[in-house]
Amino acid sequence: MAPAALTPTSYAILGLLAVKPWTTYELAQQMDRALGRFWPRAESRLYEEPKKLVAHGLARASSEMVGNRGRTVYTITAKGRRALADWVPTPGAGPVLEFEQLIKVFFAEHATKADLLATLAGVREWTSERLAANVRVPEAYLTGKGPFPERLPWLILVGQFLVDFHLMIEHWADWATEIVETWPEDVAAAEPDWKTLELQATIARAHAQRS
């Protein structure tokens, strides 16, 4: 039977193996620390991916003892490095948004104005927590304690995207809150914000004309 096809998660783990060898436990931790903010995957799946890479000849597994306990360490192979170098330059899929709170906004007519404002407050709280949590990464590098500092030039590119992303959601939550606060208690009686709708159409038309 042929080994299972590789996925972006497979290549993400292969990329981590290109940095250094890891155990599956270490890979799960590193995936959460380094990639979890933009490529979250269930930990149970992460424990299967290294085996898939071994089946494809892209990694090799070796056993070692730590005290009385054995563990498996995965190391990238030369074939794995070539596969990673082939994959990274290829076009990738764009982001996929999963935003439960936005679904609640989409169906706001089934709740109250207070409920909608509470949802928006929850969005604002989420962004504040994320931005506060993210501070540990740049601070670690600024103090010389960040791991793999030789990778920092492109890590900063990813970090800036995440900062801009969270600030964008924060700005949207603040703007939406100001709008909803002007609405009547019955959200079904709210008037549309025609100026914003016109602006959305203008921006979409401008980008359509450029493409």
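Is R71 buried, partly exposed or exposed, and what is its relative accessibility? In this predicted model, R71 counts as partly exposed because its relative accessibility is 34%. The legends below start from the strands around this residue and then move to other close-ups.

**Figure 1. Strand β3 pairs with both β1 and β2.** Welcome to the sheet: strand β3 covers residues 69-76 and runs antiparallel to strand β1 (residues 22-23), with two bridges joining them. Strand β2 (residues 59-66) is also antiparallel to β3, and here eight bridges make the connection. The hairpin of β2 and β3 has two residues between the strands, and G67 adopts a positive phi near 70 degrees there. If you like to check backbone torsions, G67 in this hairpin is a good place to pause.

**Figure 2. Y74 has a partner in each neighbouring strand.** Zoom in on Y74, which belongs to strand β3. W22 stands opposite Y74, and A61 has Y74 as its bridge partner in β3. Y74 counts as buried because its relative accessibility is 6%, under the 20% limit. Chain distance and spatial distance make a nice contrast here: Y74 and T23 are 51 residues apart along the chain, yet 6.0 Å separates their C-alpha atoms. As a reminder for reading side chains in such a view, those of a regular strand alternate between the two faces of the sheet.

**Figure 3. A lysine charge sits over the ring of W22.** This view stays with W22, the residue opposite Y74 in β3. The charged end of K20 lies over the W22 ring, and 4.2 Å separates it from the ring centre.

**Figure 4. R71 and E26 connect a strand to a helix.** Seven salt bridges turn up in a search of the whole structure. One of them joins R71 to E26, with 3.8 Å between the closest N and O atoms. R71 is in strand β3 and E26 is in helix α2 (residues 24-35), so this pair ties together parts that are 45 residues apart in sequence. E26 has a relative accessibility of 25% and therefore counts as partly exposed, and R71, at 34%, is also partly exposed. For general orientation, side chains of opposite charge can pair when their charged atoms come close.

**Figure 5. E49 and K52 meet within helix α4.** Here the side chains of E49 and K52 form a salt bridge, with an N to O distance of 3.4 Å. Both residues lie in helix α4 (residues 49-55), and because they are three residues apart, about one helical turn separates them. Which side of the buried limit do they fall on, given relative accessible areas of 4% for E49 and 15% for K52? E49 is buried, and K52 is buried as well.

**Figure 6. R124 and D174 link two helices.** In this salt bridge the closest N and O atoms of R124 and D174 are 2.7 Å apart. R124 sits in helix α7 (residues 113-134) and D174 in helix α9, so the pair links distant parts of the chain, 50 residues apart. R124 is partly exposed, with a relative accessible area of 29%. D174 is partly exposed too, at 34%. Elsewhere, E26, E64 and R71 are joined into one network by salt bridges that share partners.

**Figure 7. F106 and F107 pair edge-to-face.** Five aromatic pairs are found when the whole structure is searched. In the pair of F106 and F107, the ring centres are 5.0 Å apart and the planes meet at 85 degrees, so the arrangement is edge-to-face. F106 is in helix α6 (residues 100-106). F106 counts as exposed because its relative accessibility is 63%, while F107, at 43%, counts as partly exposed. Together with I103, F106 and F107 make a nonpolar surface patch of about 350 Å².

**Figure 8. F161 and F165 stack along helix α9.** The closing view shows another aromatic pair, this one stacked: the F161 and F165 rings are 6.2 Å apart centre to centre, with 10 degrees between the planes. Helix α9 spans residues 152-181, and F161 and F165 are four residues apart within it, so about one helical turn lies between them. F165 is partly exposed, with a relative accessible area of 27%.

Methods: Residues are numbered from 1 along each chain as its sequence is written. This is a predicted model: local features need pLDDT of at least 70, side-chain atom pairs count only at pLDDT 80 or more; totals for chains, interfaces and linings use all residues. Side-chain values use heavy atoms; hydrogens and water are left out. Rings of Phe, Tyr and Trp (its six-membered ring) pair if their centres lie within 6.5 Å; planes under 30 degrees apart count as stacked, over 60 as edge-to-face and the rest as tilted. Buried means under 20% relative accessible area, exposed over 50%, partly exposed in between (1.4 Å probe, protein chains only). A charge sits over a ring if NZ of Lys or CZ of Arg is within 6 Å of the ring centre and within 35 degrees of the ring normal. Patches are made of residues with over 30% relative accessible area and no salt bridge: like charges are joined within 9 Å, nonpolar side chains (Val, Leu, Ile, Met, Phe, Trp, Tyr) within 5 Å. Accessible areas come from the Shrake-Rupley method with a 1.4 Å probe; for residues, only the protein chains shown count as cover. A salt bridge is a side-chain nitrogen of Lys or Arg within 4 Å of a carboxyl oxygen of Asp or Glu. Two strands pair if DSSP finds at least two bridges between them.
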